[in-house]
Amino acid sequence: MSSRKLKVGVVGLAVGASHVKDYAKSDTVQEIVLCDVNESRLHEIGDKYNISKKYTDFDKMLKEEKLDAISVAVPNFLHMPFAIRAMEAGAHVLCEKHGEK
Ligand SMILES: NC(=O)c1ccc[n+]([C@@H]2O[C@H](COP(=O)([O-])OP(=O)(O)OC[C@H]3O[C@@H](n4cnc5c(N)ncnc54)[C@H](O)[C@@H]3O)[C@@H](O)[C@H]2O)c1
């Protein structure tokens, strides 16, 4: 198995911020890239974890970053289109539905 470290993206930074927290602590993660349409949330989480790569546009992030894996933590109705686009870009996808949001 490869020991290469991973470049991961997180889209949706409400509950997704807990994914950022765990990725930031992980020895297997080299770099984290953030995406949220809410710019103040994007900058708050970026500042908190010292992450400079930040996007408000998911497709732009997919186009510009070669991500190994993406946490899709946007509202449920966006799970399918976002997960499909992430997989089409060659990334593993972590996506968890909780409740009806
Ligand atoms: N809240 C929980 O405890 C919990 C636990 C497990 C899973 N989930 C799941 O995680 C997902 C998100 O839940 P939440 O509670 O964080 O929801 P939320 O609505 O509070 O937050 C969603 C985030 O996604 C962002 N967003 C919305 N549209 C976007 C877009 N087009 N591009 C980029 N960012 C966008 C919003 O700005 C917001 O920051 C849901 O599917 C939910 O079922 C939530």
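This section describes helix 2, the cysteines and helix 4 of a predicted model.

Helix 2 spans residues 39-49. Its buried residues are Leu-42, Ile-45 and Gly-46. These residues lie on the same side of helix 2, because they cover an arc of only 105 degrees around the axis. The pattern follows from helical geometry. An α-helix has 3.6 residues a turn, so residues three or four places apart point the same way. The cover over the buried residues of helix 2 includes parts of three elements. Among them is helix 1, at residues 16-25. Strand 2 (29-35) and strand 3 (54-55) also contribute. The opposite face of helix 2, turned away from the buried side, has another character. Exposed residues sit there: Ser-40, Glu-44, Asp-47 and Lys-48. After helix 2 comes Asn-50. The phi of Asn-50 is positive, near 55 degrees.

The cysteines were examined next. A disulfide is a covalent bond between the sulfur atoms of two cysteines. With a cut-off of 2.5 Å between sulfur atoms, the model has 0 disulfides. Cys-35 takes part in none. Its nearest cysteine sulfur belongs to Cys-95 and is 14 Å away. Seen from the other end, the closest cysteine sulfur to that of Cys-95 is in Cys-35, and the 14 Å between them is too far for a bond. The surroundings of these two residues were also computed. Cys-35 is buried, at 2% relative accessible area. Cys-95 is partly exposed, with 34% relative accessibility.

Cys-95 also appears in the contacts of helix 4. This helix covers residues 79-88 and includes His-79. The relative accessible area of His-79 is 11%, so this residue counts as buried. Residues up to four places away in sequence were set aside for its contacts. Beyond them, His-79 touches Val-72 and Val-74. It also touches Cys-95, Glu-96 and Lys-97.

Met-80 lies in helix 4 as well. Its relative accessible area is 59%, which means that Met-80 is exposed. Thus buried His-79 is followed in number by exposed Met-80. Met-80 joins Ile-84 and Met-87 in a nonpolar surface patch. The area of this patch is about 320 Å².

Methods. Residues numbered from 1 in each chain as written. Predicted model: local features only at pLDDT ≥ 70, side-chain atom pairs only at ≥ 80, totals over all residues. Heavy atoms only, no water. Buried < 20%, exposed > 50% of the residue type's maximum accessible area, 1.4 Å probe, protein only. Helix = DSSP H or I, 4+ residues; strand = E, 2+ residues; numbered from the N terminus. Arc of directions from axis to C-beta. Contact = heavy atoms within 4.5 Å. Patch = residues over 30% accessible without salt bridge, like charges linked within 9 Å, V, L, I, M, F, W, Y side chains within 5 Å. Areas by Shrake-Rupley, 256 points an atom, 1.4 Å probe, with all protein chains shown as cover. Salt bridge = Lys/Arg side-chain N within 4 Å of Asp/Glu carboxyl O.
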